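Thanks for coming. I will go through one model this morning, helix by helix and then core by core. Please have the structure open while I talk.

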Amino acid sequence: MAQAKLERSEQINGWLFVAPALVLLGVFMAYPILWSLWMSFQTGKGMNISFGGLTNIMRLTEDAVFLRALRNTLTFLVVQVPIMLVLALLFASALNDSRLWGRSFFRTAIFLPCATSLVAYSILFKSMFANDGVINDFLRFAGIISDPIPWLGDPFWAKVVIIAAITWRWTGYNMIFYLAALQNIDRSIYEAARIDGVPAWGRFWYLTVPMLKPVILFTSVISTIGTLQLFDEVNTITLGGPSDATLTLSLYIYNLTFKFMPSLGYASTVSYVIVVLVGVLSFLQFMVARDRRR
Amino acid sequence: MAESNQRKIANPIDLDEDDPFAELTRIMGFDPRKLASPEPKVLVGANSAKPSVVAPTASNVPALETYAKLLQATDIYKPVAGWNEYTGAFVSGETAAVFTGVWMTATIKAANQSGKWGVAPIPKLANVEGATHASNLGGSSWYVLSSSAEKDEAVDFLATVWGKDVDFYQKILVGQGALGTLLAARDGPAFKASDEYFGGQPVWQNFSDWLAAVPPVNYGIFTNEVDAAIVAQLPGLAKGGSVDDAITAIDTQVKQQMQ
């Protein structure tokens with residue numbers, strides 16, 4: 001009897017302790033998510049909205065601007081994430097070598113971009129890649145180009161600038177995960193491999209990479225999610241231009257909501273496209289990376 | 001934006017012919033004394049099943065053609081990205097002129113190039129009916145909420161201060177550098193003053209003269225949507241693309257965004 005009472009009071013106390021967090025989660029997370037799902041079926045502008053069923057989804061298929069934003073976002077994803085993860089992996093294995101001179105300096109230097117504000121570094125990139133910016137000045141000084149490259153005025157180069165910017169910002173962040181994971185790999189495995197005459201690239205490819213597989217999966221999933229939500233950099237550096245060449249899904253959602261006559265319902269539909277993409281791509285990555293042994 | 005509440009505005013008969021507030025909003029592109037504006041004009045395109053919202057006209061085709069020609073003449077302008085590069089280009093003397101509104105005056109005056117600058121009216125398209133040497137860009141609005149308890153007081157404040165008070169306009173021009181659009185304010189001393197920086201030109205007087213010549217245009221409520229659609233076509237036009245195709249693409253995008 002007393003036992004049951006104690007258990008009951010523990011139950012109540014437990015729930016009371018988590019209640020504030022649960023209420024906050026409910027009000028600021030679960031409720032907005034459900035509400036935005038409901039909103040994604042509404043059509044109309046501003047407060048003047050009505051239930052439109054699948055109208056918004058039909059609209060997606062005909063909306064050239066949305067399709068361009070989707071294509072841009074996927075381009076960023078396909079090009080930038082592999083480059084960044086490979087770089088991070090190479091940096092991590094290089095900086096894990098205890099014989100490397102000044103490795104704590106390099107570790108700090110490569111990680112430091114993550115400590116900068118997204119907007120601050122974007123403004124720096126914008127001025128560096130201006131027509132009279134230091135990049136063009138340097139390339140001209142070095143004799144590589146004769147006319148300045150219109151970095152931000154050309155659809156192709158603008159994408160290059162965005163990819164360069166996010167790679168600079170996030171490579172160090174991913175490198176830290178790899179470095180931490182590398183600390184956990186037993187050194188004796190490498191020694192054994194060395195004694196067996198496995199060359200350096202072989203040790204990297206057949207030992208390091210497979211043993212980092214769970215971390216690589218983790219970083220590729222979070223990088224995918226981050227790139228699909230890309231907003232700050234494009235909004236600061238190019239505003240989606242030139243001619244929507246760097247427009248991302250998040251920036252398009254922002255435009256639909258705050259720049260144009262507010263289409264809150266349609267903007268919610270576009271945000272659910274990101275949700276679906278994140279879900280599908282994460283699932284695919286888990287499938288690819290799963291252990292094949294039964 | 002001023003345009004968005006046009007259809008909600010009061011019965012036009014409620015306003016006097018010399019109503020100062022109406023005069024103020026007329027300058028901003030809408031005359032409440034005229035009958036409440038009709039629904040956005042829908043032009044019917046020749047080849048499309050749905051009615052077009054943007055169709056080739058006698059004014060937009062030459063405008064886009066001229067713009068494309070300017071973009072193709074890469075020797076006469078400097079491409080810039082962002083505000084600093086933009087102001088830097090003309091403040092440094094690298095470009096000889098800039099097309100912009102009255103608000104650039106302060107930036108130009110900060111460059112210490114007194115006597116080297118002048119203000120001129122914008123060029124106009126030849127052979128386009130209704131083209132003028134005056135245009136307006138941007139603008140903002142005052143709102144009075146109909147549910148406000150102090151509605152009458154707020155309307156009175158706007159009408160007497162912003163709509164009538166010529167002295168007030170002199171004060172904000174001298175103190176804040178704000179050029180008001182009330183035409184009556186032109187007769188005040190601050191507006192008449194000439195500026196040595198611009199070679200003794202009466203710049204404010206010039207600007208307000210041009211202001212009076214700005215033809216009222218109803219931009220409708222989808223300004224940003226149309227703007228984005230046009231901007232998206234400019235690189236194609238700069239590469240020599242067809243103006244008709246660009247207008248068709250603009251129309252498709254605007255129709256898509258308006259729903």
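Let me start with helix α7 of chain A, residues 155-183. Its 29 residues should span 42 Å at 1.5 Å a residue, and the end C-alpha atoms are 42 Å apart, so the two values agree. Keep in mind that this is a predicted model. There is a kink in α7(A) of about 35°, and its centre is A:Trp170.

Now compare that with helix α9 of chain A, residues 200-211. For its 12 residues the expected span is 16 Å, and the end C-alpha atoms lie 15 Å apart, which agrees. How many of the 12 residues of α9(A) are buried? The count is zero, so to speak of cover here is to say that the helix is hardly covered.

Next, the nonpolar interior. The largest nonpolar core has 51 residues, and those touching the most other members are A:Ala92, A:Val161, A:Ile162, A:Tyr178, A:Leu249, A:Tyr252 and A:Val270. Several helices of chain A give two or more residues to this core, including α3, α7 and α13 (264-289). Which element gives the largest share? That is α3(A), with 12 residues.

Take A:Ile162 from that list. Setting aside neighbours within four places in sequence, A:Ile162 is in contact with A:Phe76, A:Glu233, A:Val234, A:Ile237, A:Thr238 and A:Thr246. Apart from the largest core there is another, of 14 residues, among them B:Leu64, B:Val226, B:Ala229 and B:Ala232.

That brings us to chain B. Its secondary structure comes to 10 helices and zero strands. Of its 259 residues, 17% count as buried. Among contacts in chain B between residues at least 6 apart in sequence, 58% join residues at least 24 apart.

One residue of chain B as an example: B:Val91, in helix α3 (residues 83-91) of that chain. Is B:Val91 buried or partly exposed? It has 18 other C-beta atoms within 10 Å, and being buried takes 20 or more, so B:Val91 is partly exposed. Beyond four places in sequence, B:Val91 is in contact with B:Thr107, B:Ile108 and B:Ala111. B:Gln113 is 22 residues from B:Val91 in sequence, and their C-alpha atoms are 8.5 Å apart.

Last, where the chains meet. The contact takes 20 residues from chain A and 19 residues from chain B. On the side of chain A, α2 (55-62), α3 (64-95) and α5 (118-128) each give two or more residues. The residues on that side divide into nine nonpolar, four polar and seven charged.

Technical notes: Residues numbered from 1 in each chain as written. Chains lettered and ligands numbered in written order. Predicted model: local features only at pLDDT ≥ 70, side-chain atom pairs only at ≥ 80, totals over all residues. Helix = DSSP H or I, 4+ residues; strand = E, 2+ residues; numbered from the N terminus. Expected span 1.5 Å × (residues − 1). Bend = angle between axes of the 7 residues up to and from the residue. Contact = placed C-beta atoms within 7 Å. Nonpolar A, V, L, I, M, F, W, Y, C, P; charged D, E, K, R; others polar. Core = buried A, V, L, I, M, F, W, Y, C linked by C-beta atoms within 7 Å.
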